[in-house]
Amino acid sequence: MADLDTFRMETRKWLEENCPEEMRHGVTGDEDACWGGRHWTFKNDAQRLWLERMVAKGWTVPEWPVEYGGAGLSKAEAKVLRSEMKRLNARSPLDSFGIWMLGPALLKYGTPEQKKEHLIPIARGEIRWCQGYSEPNAGSDLASLMTKCEDKGDHYEITGQKVWTSYADKADWIFVLVRTDFEATKHTGISFILVDMDQPGVTTKPIRLISGKSPFCETFFDNAVAGKDQIVGEINKGWTVAKYLLTHEREMISGMGDAMGRPIGDLAAMQIGLEDGKLEDSMLRTDIARLEIDGLAFMAGMEKIISEAKAGQGTGANASVLKYYGTELNKRRHELMMDSGGSEALTWGAEEDIAAHWLRTKANSIEGGTSEVQLNIISKHILDLPGA
Amino acid sequence: MAMVLDEEQSMLRDAARGFLTDHAPVSQLRKLRDSGNEDKFDRATWAAMGEMGWAGVLVDEDHGGVDMGFQAAGLIAEEMGRTLTASPYLSTAMMGATALGAYGTTSQKETWLPKIATGEAIMAIAVDEGRKHRPQQVATTASKSGNGFKISGTKTFVADGGVAEQIIVTARTAGGEGEKEGISLFLVSADAAGITKTHHDMIDSRNSVTLSFDDVEVDGDAIIGEIDGGASPLNHILNAGRAGLAAEMSGSAQACLSMTVDYLKERKQFGKTIGEFQALQHRASHLYSEIELAKAVVMKALQGLDSAPEHASLMVAAAKAKLGQVAQLAAQESIQMHGGIGMTDEYDIGFYMKRIRVAEALYGDSHYQADIYAKLRGF
Ligand SMILES: Cc1cc2nc3c(=O)[nH]c(=O)nc-3n(C[C@H](O)[C@H](O)[C@H](O)COP(=O)(O)OP(=O)(O)OC[C@H]3O[C@@H](n4cnc5c(N)ncnc54)[C@H](O)[C@@H]3O)c2cc1C
């Protein structure tokens, strides 16, 4: 405990001295965050400095081993670091699918060479990754994917199409699920492979979404080349790696149900005003109170499910409860923010770009496994219902 | 605070579940109802609960209790919700013990806490006056008379009021109806002259009465807490009851889900087990998700009452608001997924649905709690 207190004091001091002033407020959107990568241009000096300083401490990935660019912090220390960053309202120095998704999978399934090659550039923000899972005909039924990967002796050759690849047009490398055995059953012929996108065989085409933004792409592989040493885990056993990574993705997305930003009751009070201490719109007031209460229950539930997991109790499938509930909650929250914002929320580019965010949340219950798929998982793995 | 049970709490929960399943399952409530039992609870079962220390779960050791705190008290309530055990636990062990333990005079404590702890003295809380829970709408008056007071007025929906030995009554000693200031709490003997009880045939088959007070005389030392300053203690006492009811409803909701999931694996139609139908799988899984989160918010409310009761109101309101909705959803979904059999009196689900309805209304329904929540949040 004493050690942890010392760590807290040192961390607080370091952050106060090293976190640039401009980095001490939340990001206003994806465009404002630091994603790194080969072609990254920093928005300002503060963003660059903040990343460099945190990289030097190993604090972009505080729990990863020091040899792979982390700081080797214990869970308790990492929690202290998070809470101290929150105290200063310090933003994350680096947003990255490499950190959130690929990293954990490599730490578990990668060879020492793969870890050295890929984890360090991820930690340093030098290589930006994207996720090549979904295909036009393989969405919820991901395991029916058909992108072909052939062994050409000294390399692999990949042909096929992925869709919904977030930020593919900005990424440097892609982790891809490919079919390496067309004879085997659905789940057993899949491999997990890492591909450098800087080659003529890989092209991307942005997809414009209802929110007006295009952060997603179609990704085409046309005799694309990958090294023999880039398969993660065993050949034809990529499904295991893919599933492990998905649990991390789900955790990340369900975190959105978390009471991010200003609680909506406060926002509505400011936007609509109070009458005798109550929100002037009494019907909306009820909906907001219900939403905030569900938000409290969600946060408490998340804490409980995590505590249970640490204590070796509960069931891993409870992650699906959080994914399902957290994303549905986030959609509800944004509906209410639109209600509260009134006509001012109905213009593009209004304060905090609320309409675009509202539209974007509609994908929360689709990406990373739809709500229906989460309910299927609960039915099967928790309630043990027949045929689920 | 950890969101998992410690060893002592797990043992208590297992012991409670074992005892209640064996000695006070739903069939006991059914029997009490069918036999027309006047008390509407089983005295032998209650005595056993007293012996096991449950009645004294919130009473300090100096007064003969086991002082295990609200989280433990909530676990017992939750298990009682699972089996629908009828008992004066909530009004006595949770609310009565809180009222006297936190605000009683030395002599009130010495007289009553040891008897509460053994289950010997049953308490009831008389707060509401109309059809809805409005604890500040107090028209009942306590006017000075000699050294004491004379209480007059009518109290509705008094849980366990028909069997209580002592009744905690709110009455106005100053201020106008609806005002927070001027409410006082009195400890009144249930057999005092001038009290008339009207028994109600409640849908949940439990004990509930309307009490009318007609110039009921009490001594000056019958006041609990400060004169005119009863509103804040009252809120604490009610919060103890609300958190207890939320925990109870959590247990009932879990029981409804578990009965339903069992039935989904058993009943066949169209040549299939009905649990194979995805429409039902999703309804059950949605209910499971709601209940998982509901359990967690109840835990937070109970922990809040243990660590800082003066700041617990927000979480208690959230918990009772949430559980009122989730437990009702559980009962409704449970009947729907059972089909016709769920509508029969022979089947137990109806008992759950009826008790949950009453628990939801008691000490403020889900709408009331959501309103309190919004007020505390400043909107
Ligand atoms: C904004 C966004 C970002 C994304 N980012 C990425 C990314 O970076 N990389 C990547 O690989 N993919 C990504 N995806 C893809 C995402 O994982 C898929 O969209 C998702 O898995 C659903 O697949 P689908 O769109 O083909 O829908 P479908 O699978 O065709 O589903 C259509 C409907 O049918 C329902 N359904 C399907 N199967 C069942 C079933 N068994 N039981 C009940 N209902 C069912 C679904 O729930 C849904 O309502 C992204 C998607 C979106 C919208």
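**Interfaces within and between chains A and B**

Across the interface of domain 1 of chain A and domain 3 of chain A, the rule finds 0 residue pairs in polar contact, counting pairs with both residues at pLDDT 80 or more. A polar contact here is a pair of N or O atoms within 3.5 Å; within protein, one must be able to donate a hydrogen and the other to accept it, and residues adjacent in sequence count only if both atoms are side-chain atoms.

Before I go on, the ground rules. This is a predicted model, in which local features need pLDDT of at least 70 and side-chain atom pairs count only at pLDDT 80 or more, while totals for chains, interfaces and linings use all residues. Residues are numbered from 1 along each chain as its sequence is written, chains are lettered from A and ligands numbered from 1 in the order in which they are written, and side-chain values use heavy atoms, with hydrogens and water left out.

Back to chain A. Its domains are domain 1 (2-124), domain 2 (129-236) and domain 3 (241-381), with bounds that come from an automatic or database domain assignment. The centres of domain 1 and domain 3 of chain A, taken over C-alpha atoms, are 25 Å apart. Contact, meaning heavy atoms within 4.5 Å, links 10 residues of domain 1 of chain A with 8 residues of domain 3 of chain A.

The size of an interface is often given as the accessible area lost when the parts come together. Buried area here uses a 1.4 Å probe and is summed over both parts. For domain 1 and domain 3 of chain A it is about 790 Å², 84% of it on carbon and sulfur atoms. Which three residues supply the most on the domain 1 side? They are A:Trp100, A:Met101 and A:Tyr109, with 50% of the area that domain 1 of chain A buries against domain 3 of chain A. Helix 4 (residues 97-109) of chain A gives the largest share of that side, 8 residues; helices are DSSP runs of H or I, at least four residues, numbered from the N terminus.

By class, the same side has 7 nonpolar, 1 polar and 2 charged residues. Ala, Val, Leu, Ile, Met, Phe, Trp, Tyr, Cys and Pro count as nonpolar, Asp, Glu, Lys and Arg as charged, and the others, Gly among them, as polar.

Next, the two chains. In contact are 40 residues of chain B and 44 residues of chain A. Together the chains bury about 3,600 Å², of which carbon and sulfur atoms give 63%. B:Tyr288, B:Leu293 and B:Phe379 supply 21% of the area that chain B buries against chain A, more than any other three residues.

How many salt bridges are there between chain B and chain A? The count is 6, a salt bridge being a side-chain nitrogen of Lys or Arg within 4 Å of a carboxyl oxygen of Asp or Glu. In one salt bridge, the side chains of B:Lys322 and A:Asp294 meet at 2.8 Å, N to O. Polar contacts between the chains come to 21 residue pairs, both residues at pLDDT 80 or more.

Four helices of chain B give two or more residues to the side that touches chain A: helix 7 (231-264), helix 8 (278-307), helix 9 (313-338) and helix 11 (366-377). Helix 8 of chain B gives the most, 16 residues. The residues of this side divide into 18 nonpolar, 12 polar and 10 charged.

Notes. Buried area = accessible area lost by both parts, 1.4 Å probe.
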